[in-house]
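Hi everyone, thanks for coming. Today I'd like to walk you through one structure, so please have a look at the screen.

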Amino acid sequence: MERTGTTRRTFVAGAAAVTGAGAAGPARASAPHPARSAGGGGTVAVMGGGVAGLTAAHELAERGFSVTVYERRALGGKARSMDVPGSARGGRRPLPAEHGFRFVPGIYHNLPDTMRRIPFPGNPNGVYDNLVAPREMMFARTGREDLRFAIPWPGHRPERLTLDELRRALTALLDTAVRLPVHEVAYFVGRALVFLTSCQERRDEVWERTPWWEFTRAARMSVDYQRILAVGVTRNIVATKAEEASTRTVGTLGEAFVLNALGRGADGPPDRILDAPTNEAWIDPWVAHLRSLGVEFRIGWTLREMRHGDGRITAALVDDPDGVRHAVTADHYVSALPVEHARRTWGPALRAADPQLARCDRLRTDWMTGIQFYLTERPPLVRGHVNCVDSPWALTAIAQAHHWTGRDFAAEYGDGAVVDCLSVDVSEWDRPGVLYGKTAKQCTRDQVAREVWAQLKAALNDTGSPALKDGALHSWFLDPGVDGLGTPHPTNEDELLVHPVGTFHDRPRSETRVPNFFLAGDYVSVDIDLATMEGANASARQAVNALLDRAGSTAPRCAVRSLFRPPELESLKRHDLLRYRMGLPNALDLG
């Protein structure tokens, strides 16, 4: 899965401290801004201040609309960073924490475009210039040799793609990265070529309904094949079990990453992270820029219902920070909440007005949550992401201080003793661990931390030179969105959309049948077909374009870029379309 996207210095410190003061009323900016006059516009209430909501506000404000964003918790949503309470000493800032580490691969195009348009002192390309590229990554094997390899960028140059060239490239990549038996590598490469040459219709209908486990014939293969190419790929890319994950989704993202590694159609390197905590390097500058465009923010305001009447949204019922209910009125409404929160606000009348809203009830979410370990010694880890492929809880991690260039971690954060932050994503919350024999949901918060630490050590300390030392562990911080751990009813405020077979067809469009109501979020149907910041950004652009059409605006439409499709493969896909319509399998599909 993606976790992507972060002043190197303190920048507009007050931008993060926007308040919920002020009465709710028409969603309008406090004053016009010269850059907003060309499009003419109306008032827009954006419900949700995550990546989707901030993107929608950005695009609308630039086109002359008066925008107010309503956010129940904190701007940035799941992408934000946050302070560890009570961790600051001696004039330093609090230790930085996060829902999960940010990851902005080169397959993204829409989000990087937005980042380039957010000013940042000293950066010609705005906050985009705060992205840095780790040059290596590692598959950490428990009790076995770790697989460490360089990320192929910028050594690869665009070349004309043929099936033989793709076969050689994929085989070389797998031989280097995973060291499976030759016949299993050859088989998996063959399956990859089947997907790469499949027409869109076959992808949408056949592969969307085929689990990745079945497509890759994982049941026939070795445990290593299953762990790395079936389970590992699905848990760490789409956070779904291989036995039920859509081949369309897994294959589409796998295709994009392979092409990125080959230098085709990429915005940049396959792996990019921010060079500072997310709010410092991205969210705070973004909020400051939006405020300069006239966008207003209401923080601590919780949407309860989108009220429908006479074929339109008549008001958004919102509770203010004191629990007082308000009816917010605007010309247009953009719902930019995560699907598990958004669908609670759609009443029977609104659902009846557009059946695609009711279909969203079939979309599924799961837990994928981060924990940070603060260390008094820098661990001798790979300078990039670590995938602990044998860990029961499907851990991925990155030591961040290496990449936060131009800063002294101990001098700037915490009590002066912490020199690094090991940020870990926990993708599997329903499988027993190694310490307590319990799932993550059954463990207390302290037990979760101990269990994750034990699984990290099992993966990283098994080569004779311990990378993680108990004596270097200063403290830890688990995402506060998780609550009730160790009780019969654990909850998670920040679940992740997952992609079981068939669910692609339940994802809604940004445009609804209600003329003043639009959807933005990583669950909305976009080309990338994955719960990502890129998907949230692209869906917001689609929502703005639909709003402009409905409003009759003459403002320029937002660019919405699709994933790269290599032109060299189009003839093979056209041939596959003929076979698909004749009821035949892909020409390369030998079973």
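Let me start with the words I'll lean on most: a residue is buried when its relative accessible area is under 20%, exposed when that area is over 50%, and partly exposed in between. Thr-329, with a relative accessible area of 35%, is therefore partly exposed. And before I go further, please keep in mind that this is a predicted model.

Let's stay with Thr-329 for a moment. You'll find Thr-329 in the loop between strand E12, residues 325–328, and strand E13, residues 332–335. In sequence, Thr-329 and Ala-315 are 14 residues apart, but from C-alpha to C-alpha they are 4.8 Å apart in space.

Now to another loop residue, Pro-515, which sits between strand E22 (496–497) and strand E23 (517–519). Is Pro-515 buried, partly exposed or exposed? Its relative accessibility is 28%, so Pro-515 counts as partly exposed. Leaving out residues up to four places away in sequence, Pro-515 touches Gly-311, Arg-312 and Arg-550. Take Arg-312 from that list: Pro-515 and Arg-312 are 203 residues apart along the chain, yet 6.4 Å separates their C-alpha atoms.

That brings us to Asp-310, in the loop between strand E10 and strand E11 (312–319). Asp-310 is not a glycine, but its phi is positive, at about 55 degrees. Since the relative accessible area of Asp-310 is 82%, this residue is exposed. Arg-217 also goes on the list of backbone angles to look at: again not a glycine, and again with a positive phi of about 55 degrees. Arg-217 is in the loop that joins helix H6 (212–215) to helix H7 (223–238).

On to the largest pocket. Its volume is about 680 Å³. Which residues come closest to its centre? Out of 41 lining residues, those are Lys-78, Ala-336, Leu-337, Pro-338 and His-341. If you sort the lining by class, you get 17 nonpolar, 11 polar and 13 charged residues. Four elements each give at least two residues to this lining: helix H1 (51–62), strand E2 (66–71), strand E10 (302–309) and helix H15 (533–551). The largest share, three residues, comes from E10.

One residue in H1 is worth a stop, and that is Gly-53. Gly-53 counts as buried because its relative accessibility is 0%. Not counting neighbours within four places in sequence, Gly-53 is in contact with Val-46, Gly-48 and Ala-336. You heard Ala-336 a minute ago, as one of the residues closest to the centre of the pocket. Leu-337 comes back here too: its C-alpha lies 7.7 Å from that of Gly-53, although 284 residues separate the two along the chain.

Let's finish with three helices. As a reminder, an α-helix has 3.6 residues a turn, so residues three or four places apart point the same way.

First up is helix H4, residues 182–196. From first C-alpha to last, the 15 residues of H4 reach 21 Å, close to the 21 Å expected at 1.5 Å a residue. H4 is mostly covered, with 11 of its 15 residues buried. Among them are Tyr-187, Phe-188, Arg-191 and Phe-195.

Next comes helix H14, residues 445–460. At 1.5 Å a residue, its 16 residues should span 22 Å, and the 23 Å between its end C-alpha atoms agrees with that. The buried residues of H14 include Glu-451, Trp-453, Gln-455 and Leu-456. What covers the buried residues of H14? The cover includes strands E6 (136–139), E15 (369–375), E16 (386–388), E17 (395–399), E18 (420–426) and E19 (473–478).

Last is helix H9, residues 278–292. With 15 residues at 1.5 Å each, H9 should span 21 Å; its end C-alpha atoms are 20 Å apart, so the two agree. Where does H9 bend? At Asp-284, by about 25 degrees, and a proline, Pro-285, follows within four residues. H9 is mostly covered as well, since 12 of its 15 residues are buried. Both Asp-284 and Pro-285 are among the buried ones, and so are Trp-282, Trp-286 and His-289. After H9 comes Gly-294, with a positive phi near 100 degrees.

That's my tour, and thank you for listening!

Notes
Residues numbered from 1 in each chain as written. Predicted model: local features only at pLDDT ≥ 70, side-chain atom pairs only at ≥ 80, totals over all residues. Heavy atoms only, no water. Expected span 1.5 Å × (residues − 1). Bend = angle between axes of the 7 residues up to and from the residue. Buried < 20%, exposed > 50% of the residue type's maximum accessible area, 1.4 Å probe, protein only. 1 Å grid on protein atoms, 1.4 Å probe; cavity = no way out; pocket = protein on both sides within 12 Å on 5 of 7 lines; lining within 4 Å. Points joined across faces, edges and corners; volume = space filled by probe spheres on them. Nonpolar A, V, L, I, M, F, W, Y, C, P; charged D, E, K, R; others polar. Contact = heavy atoms within 4.5 Å.
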